[in-house]
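User: Hey, could you walk me through this one? I'm new to reading structures.
Analyst: Sure, take a look and we'll go from there.

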Amino acid sequence: MLVIGLIKESAKFALSALKDNRTRTLLSLLGVTIGILTIIGVFSAVDTLRNNIEDSVKKIGSNTLYIEKWPWTGGPDFPWWKYLNRPEPKYEDFLALKERITTADKIAYIINIGGSTIKYKNNNASGVMISAGTQDQYSIQNFNVEKGRYFVESETRAGSLVTVLGATIAEGLFPNSDPLGKYVNMLGRKVQVVGILKKEGEGVLINTSPDNSAFIPFELARNLVNYDNFSPSIAIRVMSKYSLAEAESEIKVLMRSIHRIAPQREDDFSINQTTMITSQLDKLFGIVNLAGFCIGIFSVLVGGFGIANIMFVSVKERTHIIGIQKALGAKNFFILSQFLIESIVLCLLGGAIGLSIVFLITLLVKLAIGMTIVVSLKMVLLTVFISTLIGLISGIVPALMASRLDPVEAIRSK
């Protein structure tokens with residue numbers, strides 16, 4: 001109880017000293033504030049990007065494998081020449097695989113026809129991605145139909161002249177009317193709108209949003225374009241009781257059998273999954289996190305030196321008062337805790353200001369562009385820890401020096 005009473009009394013003296021020297025207090029906060037702002041800002045930006053990517057990956061399918069000509073790896077050393085002469089996955093490959101695979105929950109054959117134009121009366125939507133797929137594309141890519149419906153099985157098989165529009169395309173073509181039942185021109189045909197997807201917004205790094213896309217049955221696209229020219233893919237959603245590795249092993253065996261690949265020859269197809277994307281981005285985020293942390297720590301340390309300098313000045317200015325306190329019976333711990341608490345409070349204030357600025361920025365960003373910035377509890381706790389640690393380091397030497405002053409010499413220093 002005695003210790004708690006001493007700490008409370010020391011805190012009163014420390015806060016009084018900070019209040020009496022507001023300009024100096026404010027200036028000494030800047031370094032810590034900037035450092036904390038940098039650390040939290042970088043970590044929050046990276047966490048926000050990671051969340052955005054994870055949301056985008058969920059739309060692609062975190063338990064989904066894609067059979068394609070090209071692998072999803074990249075970089076300056078990417079051996080593109082190895083894959084250039086590979087065949088595109090054929091529709092016949094899809095049919096054979098669908099018949100033989102045992103680990104698949106859903107399987108679809110998909111092509112994406114980019115740069116298309118869709119017209120309705122005098123309204124045009126250009127640069128549209130027209131995605132054509134078999135029936136299971138709906139389930140694999142987790143489409144959310146807001147109005148109308150998706151294609152039924154009979155429409156998919158017959159290649160009926162029907163389409164489902166993304167929200168942005170629907171808004172552009174039908175600004176003042178209901179699109180359902182209307183006919184739009186695409187790929188040289190009049191196609192009936194049977195559904196509108198819910199608006200999702202674009203991703204930051206990986207854009208898997210269907211807002212700017214239109215969807216038609218694969219059999220319809222097959223009659224209108226040469227689908228081999230549009231990089232087809234076979235999408236396979238794996239059953240929950242199987243791992244991706246188990247499914248990948250089965251798919252590899254089946255595809256080699258379907259393509260009649262000899263044992264000594266390499267695969268002429270790639271089996272891609274979303275972990276290929278996230279693992280590469282995790283490396284990038286790790287570097288950004290490390291760089292931001294180093295810059296922030298450097299700023300905090302500079303702020304710490306500034307606070308230490310202020311504390312030395314504060315000890316010098318209050319030497320006479322320290323002498324009087326000691327003459328009246330104040331213990332060394334009481335004097336030590338005064339200056340330590342003052343230093344810690346300075347750093348915590350700097351951290352709080354830095355964190356407040358981050359929260360203000362997140363609010364402004366959300367109001368301006370509708371993006372939610374992630375500020376995790378872990379980052380808040382890290383701010384408190386770093387601020388307290390810097391306060392202790394910055395204040396320990398001045399506090400020790402103050403606590404060891406001779407009371408007689410200290411009183412005479414005025």
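Analyst: One bit of vocabulary to start: a residue is called buried under 20% relative accessible area, exposed over 50%, and partly exposed in between. Also, keep in mind that this is a predicted model.

User: OK, so is V397 buried, partly exposed or exposed?
Analyst: V397 has 48% relative accessibility, so it counts as partly exposed. The residue is found in helix α12.

User: Which residues make a nonpolar surface patch with V397?
Analyst: F312, I396 and M401 join V397 there, and the patch covers about 320 Å². Helix α12, residues 377-403, gives the most to that patch, with three residues.

User: And M379, is that one buried or exposed?
Analyst: M379 is buried, because its relative accessible area is 5%. This residue is found in helix α12 too. Apart from neighbours within four places in sequence, M379 is in contact with I40 and F43.

User: How far is M379 from L355?
Analyst: They're 24 residues apart in sequence, and their C-alpha atoms are 9.2 Å apart in space.

User: Let's zoom out. How many helices and strands are there?
Analyst: The protein chain has 13 helices and 10 strands. It has 414 residues, and 44% of them are buried.

User: What about the surface of the chain, how much is exposed?
Analyst: About 21400 Å², with carbon and sulfur atoms supplying 60% of it.

User: Now the inside. How many residues are in the largest nonpolar core?
Analyst: There are 45, and those with the most contacts inside it are L97, I111, I118, L165, L173 and I236. Strand β2, residues 104-120, provides the largest share of this core, seven residues. There's also a second, separate core of 25 residues, including V300 and L346.

User: Why would nonpolar side chains be buried together?
Analyst: That's a general tendency in soluble globular proteins.

User: What does I111 touch?
Analyst: Not counting neighbours within four places in sequence, I111 is in contact with several residues, among them I130, F218, V225 and P232.

User: Switching topic: how many salt bridges are there?
Analyst: The count comes to eight. One of them joins the side chains of R237 and D105, at 2.8 Å from N to O. That pair links distant parts of the chain, with R237 in strand β9 and D105 in strand β2, 132 residues apart.

User: Are those two buried or exposed?
Analyst: R237 is buried, because its relative accessible area is 19%. D105 has 38%, so it is partly exposed.

User: What's another pair that meets in a salt bridge?
Analyst: E155 and R149, also at 2.8 Å from N to O. E155 is buried at 12% relative accessible area, while R149 is partly exposed at 35%.

User: Where does E171 come in?
Analyst: E171 forms a salt bridge with K199, and the closest N and O atoms are 3.5 Å apart. K199 lies in the loop between β7 and β8, and E171 is in helix α6, 28 residues apart from K199.

User: Which residues are linked in a network of salt bridges?
Analyst: E92, E219 and R222. E219 is found in helix α7, residues 218-224. With 18% relative accessibility, E219 counts as buried.

User: What polar contact does the side chain of E219 make?
Analyst: One with the side chain of Y91, at 3.3 Å. Beyond neighbours within four places in sequence, the residues in contact with E219 include T156, R157 and G159.

Conventions: Residues are numbered from 1 along each chain as its sequence is written. This is a predicted model: local features need pLDDT of at least 70, side-chain atom pairs count only at pLDDT 80 or more; totals for chains, interfaces and linings use all residues. Side-chain values use heavy atoms; hydrogens and water are left out. A nonpolar core is a set of buried Ala, Val, Leu, Ile, Met, Phe, Trp, Tyr and Cys residues joined through side-chain atoms within 4.5 Å. Buried means under 20% relative accessible area, exposed over 50%, partly exposed in between (1.4 Å probe, protein chains only). Helices (H or I, at least four residues) and strands (E, at least two) are DSSP runs, numbered from the N terminus. Contact means heavy atoms within 4.5 Å. Accessible areas come from the Shrake-Rupley method with a 1.4 Å probe; for residues, only the protein chains shown count as cover. Patches are made of residues with over 30% relative accessible area and no salt bridge: like charges are joined within 9 Å, nonpolar side chains (Val, Leu, Ile, Met, Phe, Trp, Tyr) within 5 Å. A salt bridge is a side-chain nitrogen of Lys or Arg within 4 Å of a carboxyl oxygen of Asp or Glu. A polar contact is a pair of N or O atoms within 3.5 Å; within protein, one must be able to donate a hydrogen and the other to accept it, and residues adjacent in sequence count only if both atoms are side-chain atoms.
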